[in-house]
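Please look at one proline and its surroundings in this protein. The report starts from the whole chain and then moves to the details.

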Amino acid sequence: MTPLLPKRCISGVWKQGLTAVKMCSLALFPPPLPPGQTTLCESNNELLSGAYNSEERQDSSPLSLHFPRESLKLHSRPESSSKAAFLDHSETLWMRSAAAWRDGGFTGLLNEITTSHAEVPKWLLVTSGCILALLRWVSSFHGSLYPHVTLSSEDMIAEFSQVLNWPDCVVRAFAWHPHTDKFAVALLDDSIKIYNPKSAITPTLKHRLQRNVAAVQWKPLCASALAVACQNCLLVWNVDPCSLSTRPSSGCAQVLSHPGHSPVTSIAWSPSGSLLVSASPLDTSMMVWDVAAESCVPLQRVGGGGVTFLSWSPDGSHVLASTPSALFRVWETRMWTCERWPCIKGRCQSGCWSPDGSRLLFTVQGEMVIYALTFSGSPGVLPSMVKGPQTAVVVADLSETTFNSPDGDIVVGGEIQSLSWDPRGERLAVLLKGDPQAANRPAIIAVFKTRSNPIFELLPCGFIQGEPGAEPRLMQFHPNFQHGALLTVCWSSGKITHIPFYFLSSGISHVGLSGSPPLPHPQESSADFANQSLFTELIS
């Protein structure tokens, strides 16, 4: 195991922090379920299972959905490949050049000029050819430094998505509304459906720019606004919850775009909903959007080659920004400065925050561990380190572990696809990639119990499994489940199920919503965010 560089430079001096933690491993977990069994819920500190087609399971998940692949009208081929069949070849060179500029930028314009031999002066043809060759050489050199820039937009989204096997996944994105029991589902056919158990109407959102949806997220403190990360732009839908329309007009969507900022692979709202941040692996700037004004402020730093994943802390004080390279940044939103955290082995793959925003859990590509980064004043930090620099420490080892079963050995563990921490801070779900080439190494969800007093530690809870042949692809905790935690899982079969975890908590979550931070301007006054305590495990 290659450790993360557990240091940061403070005034030119390298220091390390001391954090009180305990490490957990998969060897402490109960064995996976036998074939034919599926996880139903957690009760009395134990995961319960049953036959996957039992009536008990169906009754316990009234919002469970199924999207058969055959029911979706998929795109037979990319839009660009069929464009030539509908071109009016009588268009003038200037019209074709304008279209090439619009679709492919400067490179597209040069390509159009160099292929129009009969209509272009020789000097312009030669000059365009030389410039195009130079651009391609520079692009190949840049690609050797950052290999991801040579990927297509769809392959790039798949590479950096939090969804396992995104290109072939029927459900490509999922988002619970932060305040009500409704959720948005983005499907393989680029449509988005909104489900509400209190309404018989299921609005379907479609837009000509809504291609290759990588993420969706509801705006906090708002009933109707849904942000969508698309291949070429951001869309912010405003869907009236009282509307009886099943197909809202495309006029209900704001289009937010910025040159060079595509494809968009990750988005995150501030806790008060006044700001939206977006990321693209091809853009070294993280965009901070004022959606109401349809304007943005780019936050750019040298190094990293782009931004791939964003996560805004629940108290609004920090933003995690991963890059395609072996480093990530943690932005503080008071003055919009950042700390740079280099890794040794790979990029930061996923991350999630504690309810009070004082602790960040994250994973690194190519490693089989979970790291914790603790900010000042959080439980489990030695008093001498309250204001000093922190170190990223390993809190869980997810190395491959073999479990014996009557049907043969099952190997669980390995690289981590994504993390999800419930809003009470008491259950942590970890999506393990598995090995698609090996039947005994399935993708699986491992759930930990988390507590912070007297020290921060992860405790084994169990594995989440679905019906035979179905593997988890995407997961998210319900933001307001009153009886513990509710984990929603999107499966490779196209099903969406909800697994409740019934337990007692030490209190009710009080996330700081003292307002979003200001736009990133040093002159702006900063907002103070209250420090909240992590919730602890009460069940023994």
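What follows covers the overall chain, one sheet and one loop residue.

**Whole chain**

This is a predicted model. The table lists its chain-wide values.

| Property of the protein chain | Value |
|---|---|
| Helices and strands | five helices and 36 strands |
| Buried residues | 51% of the 540 residues |
| Contacts between residues 24 or more positions apart | 54% of the contacts with a separation of 6 or more |
| Exposed area | about 24300 Å² |
| Share of that area from carbon and sulfur atoms | 55% |

**The sheet**

One open sheet is built from five strands. Their order is β4-β27-β26-β25-β24, with mixed pairing. β4 and β24 (348-353) are the edge strands, and each of them pairs on one side only. β4 pairs with strand β27 (residues 393-397) in the parallel sense, over two bridges. Within this sheet region, C24 stands opposite A396 in β27.

**The proline**

P32 sits in the loop that runs between β4 (24-25) and β5 (37-43). Is P32 buried or exposed? Its relative accessible area is 13%, and the cut-off for buried is under 20%, so P32 counts as buried.

Which residues does P32 touch, leaving aside those up to four places away in sequence? They are F403, I410, V412, F463 and Q465. I410 lies 378 residues from P32 along the chain. Even so, the C-alpha atoms of P32 and I410 are separated by 8.1 Å.

How values were computed:
Residues are numbered from 1 along each chain as its sequence is written. This is a predicted model: local features need pLDDT of at least 70, side-chain atom pairs count only at pLDDT 80 or more; totals for chains, interfaces and linings use all residues. Side-chain values use heavy atoms; hydrogens and water are left out. Helices (H or I, at least four residues) and strands (E, at least two) are DSSP runs, numbered from the N terminus. Buried means under 20% relative accessible area, exposed over 50%, partly exposed in between (1.4 Å probe, protein chains only). Contact means heavy atoms within 4.5 Å. Two strands pair if DSSP finds at least two bridges between them. Accessible areas come from the Shrake-Rupley method with a 1.4 Å probe; for residues, only the protein chains shown count as cover.
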